[in-house]
Amino acid sequence: MIPTLLQDFLVEEIKKLDFKGKNVEGKLVSFNVYPQFLPAKKGIKDTAHFPYATVIVKEGEDPNEVDPYTCKIVLMFGVYDTDENYQGYKDILNVLQKTYDHLMRTKIFKNLYSIEYPIFWAIHEEDTFPYFFGALETNWTIAKTSIVDALT
């Protein structure tokens, strides 16, 4: 079971969706997409990562010798919006909906990964203006024989 293959695949899928958002300079840019964590700061400000998505491997299970692996992946999104009407949450909801629509339209990817119900979403409830956050928690099955084939 190699959840990093699924994680890497989802990083590329999110990149293909080419979401746009404003960076801290107010320029419209593509989302930065990262596996698991934001990169180390190394002298840059936290705001340099906005807008962003992270693909987080949360947990998994191998139920028995024949059934597929399961893996829970959280897709976390962050946007920066200085509009004093606090509308950044709408950008988050739009990104969550478009991601959900894309994943559910296909459901099975590369004959390796299958998205399953339940799927949860949430937006950050606290006032973190001008930063807004949301997440889509997804459940996946990964066929055991397909993983071996993918690696060879």
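In this predicted model, I108 of strand β6 has S114 in β7 as its bridge partner. Two bridges join β6 to β7 (residues 113-123), and the two strands run antiparallel. Strands of a sheet pair through backbone hydrogen bonds, either parallel or antiparallel.

The β6-β7 pairing belongs to an open sheet of six strands, in the order β3-β4-β5-β8-β7-β6, with mixed pairing. β3 (32-35) and β6 (108-109) stand at the edges with a single partner strand each, so one side of each has no neighbour in the sheet.

Further in, β7 and β8 pair in the antiparallel sense over eight bridges, and β5 and β8 also pair in the antiparallel sense, over 12 bridges. One residue of β8 shows both pairings: N139 stands opposite E116, and N139 also stands opposite K72. How many of the 12 residues of β8 are buried? The count is 10, so β8 is largely enclosed by the rest of the structure.

Helix α1 (residues 3-17) lies across β3, β4 (52-61), β5 (69-80), β6, β7 and β8 (131-142). The helix runs at about 155° to β4.

The aromatic rings come next. A search of the whole structure finds 13 aromatic pairs. A pair of aromatic rings is described by the distance of the centres and the angle of the planes. F9 and F109 form a tilted pair, with 5.4 Å centre to centre and 55° between the planes. F9 lies in helix α1 and F109 in strand β6, so this pair ties together parts that are 100 residues apart in sequence. F9 counts as buried because its relative accessibility is 11%, under the 20% limit. F109, at 5% relative accessibility, counts as buried too.

A second pair has another geometry: F129 and F132 are edge-to-face, with 6.4 Å centre to centre and 80° between the planes. Are these two rings buried or partly exposed? F129 counts as partly exposed, at 28% relative accessibility, whereas F132 is buried, with a relative accessible area of 11%. Elsewhere, ring pairs link F50, Y52, Y80, Y131 and F133 into a cluster. Y69 has a charged residue over its ring: K144 lies over the face, at 5.2 Å from the ring centre.

The nonpolar interior draws on both helices and strands. Which residues of the largest nonpolar core touch the most other members? They are F77 and W140, in a core of 30 residues. α1, β4, β5, α2 (88-106), β7 and β8 each supply at least two residues of this core. β5 gives the most, with six residues.

The contacts of F77 show how the parts meet. Leaving aside residues up to four places away in sequence, F77 touches I14, F19, F31, Y52, A53, I92, V95, L96, T99, F132, F133 and G134. Several of these residues have already appeared. F132 is the buried partner of F129, and Y52 and F133 are among the rings of the aromatic cluster. I14 falls within the residue range of α1, and I92, V95, L96 and T99 fall within that of α2. F77 itself falls within the range of β5, the strand that pairs with β8 over 12 bridges.

Conventions. Residues are numbered from 1 along each chain as its sequence is written. This is a predicted model: local features need pLDDT of at least 70, side-chain atom pairs count only at pLDDT 80 or more; totals for chains, interfaces and linings use all residues. Side-chain values use heavy atoms; hydrogens and water are left out. Two strands pair if DSSP finds at least two bridges between them. Helices (H or I, at least four residues) and strands (E, at least two) are DSSP runs, numbered from the N terminus. Contact means heavy atoms within 4.5 Å. Axes are lines fitted to C-alpha atoms, for helices over the stretch in contact, and angles run from 0 to 180 degrees between N-to-C directions. Rings of Phe, Tyr and Trp (its six-membered ring) pair if their centres lie within 6.5 Å; planes under 30 degrees apart count as stacked, over 60 as edge-to-face and the rest as tilted. Buried means under 20% relative accessible area, exposed over 50%, partly exposed in between (1.4 Å probe, protein chains only). A charge sits over a ring if NZ of Lys or CZ of Arg is within 6 Å of the ring centre and within 35 degrees of the ring normal. A nonpolar core is a set of buried Ala, Val, Leu, Ile, Met, Phe, Trp, Tyr and Cys residues joined through side-chain atoms within 4.5 Å.
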